[in-house]
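Notebook open, coffee poured. I wanted to go through this fold piece by piece and jot down what I looked up.

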Amino acid sequence: LSIRRQRQMCIRDRRKGIRWEDMEPHLRAMSYGHKSNGLIDMNPEMEPGGVRVPTKGRVSLEEQPDGSIKVRPHYWQEKPNFDAPLYGKKLDSETKTNLELTGNAGKTIKLEITPGKKEPCYVTLDKMTNTLEVMRVADFPKRTNIKGVELSKGQQIDLYDHGKKILLEGMTTRAGYKRDAYIQILSLIHI
């Protein structure tokens, strides 16, 4: 995605009130399918030609069916709303507690993302925007080896199928050191 094309996208969609200059430092992360690394100022119109409301949020790039790229805002909210239905499902108290304490549901949850079809999903709290993010289990690439550690069948089931935290013993860090660490899947790449 060229810088020129990204700038044109931002200029074309002025209703969201996102300035190119605010988005530019985050483009590298966004080009890999992630959200911006931090909150940026936004000033969206509530309706065409209507009142603008200053707020903050993160942004991501979303490919459209015709191949074009659209800027997608993820607005900040004061606190997470764990009581609102998530794709038609109310969260149980254990899930709410896990999300509050760790930012992760700690298990997979069957959600109806596609009407009429319930699918297991990972649910994560985006702590910058206080919004819940969802990823289908089927969309997550499953590997048997992570950071030089071969996962047992039990670890694979816990991590991928149940969304639980697992211990990686003797993993190799980027710097080449061996260490033990817990890992868990975060669903911060949006659907």
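My entries follow, grouped by topic.

**Entry 1: what kind of model**

I note up front that this is a predicted model.

**Entry 2: aromatic rings**

I started with the rings, since a pair of them is described by the distance of the centres and the angle of the planes. How many aromatic pairs does a search of the whole structure find? I got two. For Tyr122 and Phe140 I read 6.0 Å between the ring centres and 80 degrees between the planes, so I logged this pair as edge-to-face. The two residues sit 18 apart in the chain and link distant parts of it: Tyr122 belongs to strand β5 (residues 117-126), while Phe140 is in the loop between β6 (131-136) and β7 (145-146).

Next I checked how covered these two are. Tyr122 is buried at 2% relative accessibility, and Phe140 comes out as partly exposed at 23%. The cut-off for buried is under 20% relative accessible area, so Phe140 with its 23% misses that class.

Phe140 turns up again in a pair with Tyr160, with 6.1 Å from centre to centre and 40 degrees between the planes, which I wrote down as tilted. This pair also links distant parts of the chain, as Tyr160 lies in helix α5 (residues 153-161), 20 residues from Phe140. Tyr160 is buried, at 4% relative accessible area. Put together, ring pairs join Tyr122, Phe140 and Tyr160 into a cluster.

**Entry 3: the sheet around β5**

Then I followed β5 into its sheet. In what order do the three strands of this open sheet run? I read β4-β5-β6, with antiparallel pairing. The edges are β4 (109-114) and β6; each has a single partner strand, so one side of each has no neighbour in the sheet. Direction ignored, neighbouring strands here are turned by 60 degrees against each other on average. For β5 and β6 I counted six bridges in the antiparallel sense. As one example, Leu125 has Leu132 in β6 as its bridge partner.

**Entry 4: a lysine I had to check**

Is Lys35 buried or exposed? I found Lys35 buried, with a relative accessible area of 2%. Lys35 sits in the loop between α3 (27-31) and β1 (40-42). What does the Lys35 side chain touch? I have a polar contact with the side chain of Asp126 at 2.7 Å, and another with the side chain of Glu133, also listed at 2.7 Å.

**Entry 5: Val59**

Lys35 came up again when I looked at Val59, in strand β2 (residues 55-63). Val59 counts as buried, at 0% relative accessibility. Leaving aside neighbours within four places in sequence, I listed the contacts of Val59, among them Ile18, Met30, Lys35, Met42, Val71 and His74. I also took the C-alpha to C-alpha distance from Val59 to Ala181, which is 30 Å, with their positions 122 residues apart in sequence.

**Entry 6: the β9-β10 hairpin**

Last stop: strands β9 (residues 166-172) and β10 (residues 178-183), which pair in the antiparallel sense over five bridges. Met171 is opposite Arg179 in β10. Five residues lie between the strands of this hairpin, and Gly176 has a positive phi near 95 degrees. I also noted Lys165 over the face of Tyr182, at 5.8 Å from the ring centre.

Terms used. Residues are numbered from 1 along each chain as its sequence is written. This is a predicted model: local features need pLDDT of at least 70, side-chain atom pairs count only at pLDDT 80 or more; totals for chains, interfaces and linings use all residues. Side-chain values use heavy atoms; hydrogens and water are left out. Rings of Phe, Tyr and Trp (its six-membered ring) pair if their centres lie within 6.5 Å; planes under 30 degrees apart count as stacked, over 60 as edge-to-face and the rest as tilted. Helices (H or I, at least four residues) and strands (E, at least two) are DSSP runs, numbered from the N terminus. Buried means under 20% relative accessible area, exposed over 50%, partly exposed in between (1.4 Å probe, protein chains only). A charge sits over a ring if NZ of Lys or CZ of Arg is within 6 Å of the ring centre and within 35 degrees of the ring normal. Two strands pair if DSSP finds at least two bridges between them. Axes are lines fitted to C-alpha atoms, for helices over the stretch in contact, and angles run from 0 to 180 degrees between N-to-C directions. A polar contact is a pair of N or O atoms within 3.5 Å; within protein, one must be able to donate a hydrogen and the other to accept it, and residues adjacent in sequence count only if both atoms are side-chain atoms. Contact means heavy atoms within 4.5 Å.
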